[in-house]
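Trainee: Please take one part of this model and look at it closely. I would like to follow the reasoning step by step.

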Amino acid sequence: MTMLKKLPEEVLNLWNNWEIRGMVLLSLLLQTILIIFGSRRKTSGRIWIRILVWSAYLSADVVATVALGTLARSQGDSSGDSSEKANNSIQAFWAPFLLLHLGGPDTITAYSIEDNELWLRHLLGLVIQVGVAFYVFSRSWGSGILTFIAIPVFVVGVVKYAERTWVLWSSCSKSLKKPSRFDFWGSYYRSRISETPPQDLQENCLLQAYVFSYISKFMMQDLVPGIPVLIRSRELISKNKADGAFKVVEAELGLIYDMLYTKAPLIYSCAGIFLRCISSLLSVTAFITFQVKIDKHDYSTTDIAMTYLLFAAAVFIEFYAFLLLVFSDWTMIWLEDEGWNAQNSAIYSLIRKLTRSERWSRSISQYNLISSSFESKPSRCLKLLGIDEMMRQMHVNQKDLNVDLQGFFFEHLLKNAEKIKEDLNVCDKNVRSKIIGQRGDGVLEREGLLRDYKWCTTEVEFSRSILVWHFATDICYRADKDASKEYERSRCLSEYMMYLLVIRPNMLSKGFGDDEGYLETLRELRDLKYSPYEYQFTLREYRCTLRELWRLKDQDDEGYRRTLREFRNSVSRVYDDGDFQRQWKAEKSVLSGVAVLARQLLLVGRNEVWVEMLIYAAAHCPWKEHTHQLRRGGELLTHVSLLMLHLGLSAQYEYIETNNYPPLRGEERQQYRNARKKYLRGIAAMSGSNPDEELKELRKIVADKDQELERKKQEREREKRELEHKNQELEREKRELEQLKSYLIASAPQQGIHSLPRSLLAQTDDQGTGQPPSNNEISLSIE
């Protein structure tokens with residue numbers, strides 16, 4: 001305040017007049033940003049959208065809270081003329097609108113899933129801010145019709161704020177754990193999806209997504225569904241083609257996003273629809289009443305304009321919420337569930353296509369570690385400021401997810417699911433864990449090549465395997481670029497896995513952070529280009545080869561093509577050499593094995609290795625990381641993970657012995673029975689005995705225990721008898737001592753020491769001297 005008093009009087013007047021107005025306008029601007037861009041982050045991974053939404057989300061509550069406090073302070077000062085009091089009264093009328101802003105738009109309630117855990121903080125904020133708004137409202141009471149117009153707006157603001165708090169509570173981890181696996185069966189039979197023809201089922205993916213969402217919500221809380229759920233889910237998703245299956249997962253993730261980050265849990269319920277109708281009616285009624293009953297000349301023109309703007313924004317929010325409600329996937333699911341005919345559904349679907357119907361970015365992020373390392377070398381200042389990590393984002397490119405790649409993934413997953421089904425291993429968790437635990441070694445073992453590739457697959461860490469395969473795939477792409485589409489597909493998956501390793505390490509089975517192997521590889525990679533001229537003469541052979549293959553040496557196009565041709569035609573089995581194996585295991589950098597692996601791949605192209613690596617990453621990625629990616633435009637890894645889940649390729653499914661009969665029918669029930677029999681026989685075989693033998697063994701153990709207890713009982717009886725015998729001996733000795741004591745007391749003074757028995761003299765001569773004891777020693781002996 002001291003600094004403000006030093007400002008010119010014109011500036012002070014401008015500040016006093018626009019302090020409240022400016023904060024209210026800023027709050028309205030932040031709400032507009034959240035309304036427009038809050039849902040865009042689901043379909044776009046652009047960093048500027050995330051920064052904009054993040055800034056608006058964190059600032060919106062602060063600005064609205066400060067604005068309410070400023071209004072309360074201004075209402076506390078009752079001094080001033082009538083015109084100033086009129087302006088204060090209309091500004092107090094803005095307090096309910098600030099409550100509406102604190103309630104937030106329907107498109108975003110939480111920026112991240114951690115915000116849902118803070119619902120208690122929002123509940124406290126609800127109580128305090130409603131109290132402040134009521135204070136401001138009560139201070140302006142009696143200012144005419146304006147006070148009564150504020151009542152419906154105040155009610156709408158409280159309802160909006162309470163809605164947000166309730167949605168945060170319903171989306172927290174504790175609330176999400178309440179659903180059971182029986183919700184899946186309820187939604188399955190309620191939607192009558194089993195009665196839908198296969199051709200209609202492929203066209204309408206929403207019903208399937210709605211049913212599958214109950215499994216996903218159950219699994220995302222690390223809960224365990226049973227094998228019948230696996231069988232029904234697998235049979236349902238298998239009816240789709242590749243593009244149809246990806247559309248189902250896409251719609252399913254859209255529903256999960258709405259559940260975690262928006263007000264969907266409330267607004268798509270009967271209570272939510274009722275509250276929407278009431279709030280819309282109250283907002284429109286208050287707006288019309290203000291337009292008709294308020295004399296505009298009694299208040300400042302600027303304040304009247306701002307009030308109209310706040311009313312227009314409130315009505316727009318209600319109208320926008322109504323459009324979202326009508327043209328949402330949830331409404332379409334409800335209509336299908338109510339049994340709309342095909343013609344009405346087709347018309348409604350056509351109308352929905354006119355709106356924005358994207359559910360995720362439909363793109364694959366690409367990161368080429370070679371080009372990003374060679375293009376620019378970050379300065380030390382950026383590393384010290386911590387901006388080096390952000391600089392990596394500049395080298396990320398996006399590539400559209402095409403149908404060919406979708407088919408490639410779905411075919412591979414479906415083949416594994418069918419193999420488990422045919423081998424009747426659906427109940428065996430170990431078989432499923434083994435399949436999803438393969439990271440390239442599965443396809444190599446099937447083709448008899450695992451021995452030649454162990455050094456770069458199963459014998460190294462996952463991050464090291466990704467690095468060396470990434471570099472080798474890039475060389476193969478350069479050397480055989482026009483030969484086939486195989487290397488194009490491999491390079492796409494290679495750069496996506498490198499993107500996960502560098503930009504999203506937490507999504508891999510083990511995030512590497514500042515892994516020494518990665519950092520050492522990056523340093524050596526940059527040295528290949530940025531090293532001094534004298535240093536180039538001391539390079540090892542593999543470094544010289546890599547400089548030639550990555551065109552870091554000065555040579556013309558013809559010379560570079562000749563280098564690639566010679567490398568492609570060269571045959572080498574260096575991976576069997578002992579010196580290479582020792583060097584590969586000793587060095588932290590992976591560049592020593594790049595050329596070796598590239599020569600192997602040029603002979604027998606290995607496209608499915610990258611698919612297995614991606615499946616391995618999807619199976620071991622925590623569900624929490626998948627939910628985080630939903631607000632960043634989505635990830636291919638998340639879609640693959642849900643496809644694996646619905647095809648039964650997940651270790652979370654477990655065989656649960658229960659008395660309840662599994663709700664399966666026909667062929668599915670027979671599959672379950674056969675798989676269950678095989679699983680139980682396998683358990684019995686592993687134990688090495690049948691149930692009758694196990695019962696006999698248990699009876700033998702019980703009999704042995706009974707014999708041991710009986711033996712211990714007999715020992716205790718014997719010890720008891722020995723103890724009683726000793727007690728009797730002690731009693732006898734005690735009586736003898738008493739008799740001796742009486743004799744000594746009676747005869748010792750008259751007869752003297754020589755009249756004592758010889759046995760007593762021998763007992764009391766404890767020094768072994770052979771001399772008779774003294775009178776004192778005799779007394780001690782008697783005691």
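Mentor: Start with F287, which is partly exposed because its relative accessible area of 26% lies between the cut-offs of 20% and 50%. The model is a predicted one, and the part to look at is the group of aromatic rings that F287 belongs to. F93, F97, F287, F290, Y308 and F311 make up one aromatic cluster. F311 has a relative accessibility of 2%, so F311 counts as buried.

Next come the pairs. A pair of aromatic rings is described by two things, the distance of the centres and the angle of the planes. Searching the whole structure gives 20 aromatic pairs. One of them joins F93 and F311, with 5.8 Å from centre to centre and 45° between the planes, and this pair is tilted. The pair ties together distant parts of the chain: F93 sits in the loop between α4 (82-92) and α5 (95-103), F311 belongs to helix α16 (residues 301-326), and the two are 218 residues apart. F93 and F311 are both buried.

F311 also pairs with F287. Here the ring centres are 5.4 Å apart and the planes meet at 35°; an angle under 30 degrees would count as stacked and one over 60 as edge-to-face, so this pair is tilted. This pair, too, links distant parts of the chain, with F287 in helix α15 (residues 270-293), F311 in helix α16, and their positions 24 residues apart.

Aromatic rings also take part in another kind of contact. The charged end of R464 is placed over the ring of W584, 4.2 Å from the ring centre. R41 lies over the face of Y261, with 5.1 Å to the centre of that ring.

W584 leads to helix α31 (residues 578-586), where F580, Q581 and W584 are buried. These three lie on the same side of α31, because they cover an arc of only 100° around the axis. R582 and A586, on the other side of α31, are exposed. The general rule is that an α-helix has 3.6 residues a turn, so residues three or four places apart point the same way.

For a contrast, look at a nonpolar patch on the surface. I47, W48, I51, W54 and L58 make this patch, which covers about 510 Å². L58 is located in helix α3 (residues 47-76). With 44% relative accessibility, L58 falls between 20% and 50% and therefore counts as partly exposed.

Notes. Residues numbered from 1 in each chain as written. Predicted model: local features only at pLDDT ≥ 70, side-chain atom pairs only at ≥ 80, totals over all residues. Heavy atoms only, no water. Phe/Tyr/Trp six-rings, centres within 6.5 Å; stacked < 30°, edge-to-face > 60°. Helix = DSSP H or I, 4+ residues; strand = E, 2+ residues; numbered from the N terminus. Buried < 20%, exposed > 50% of the residue type's maximum accessible area, 1.4 Å probe, protein only. Lys NZ or Arg CZ within 6 Å of the ring centre and 35° of its normal. Patch = residues over 30% accessible without salt bridge, like charges linked within 9 Å, V, L, I, M, F, W, Y side chains within 5 Å. Areas by Shrake-Rupley, 256 points an atom, 1.4 Å probe, with all protein chains shown as cover. Salt bridge = Lys/Arg side-chain N within 4 Å of Asp/Glu carboxyl O. Arc of directions from axis to C-beta.
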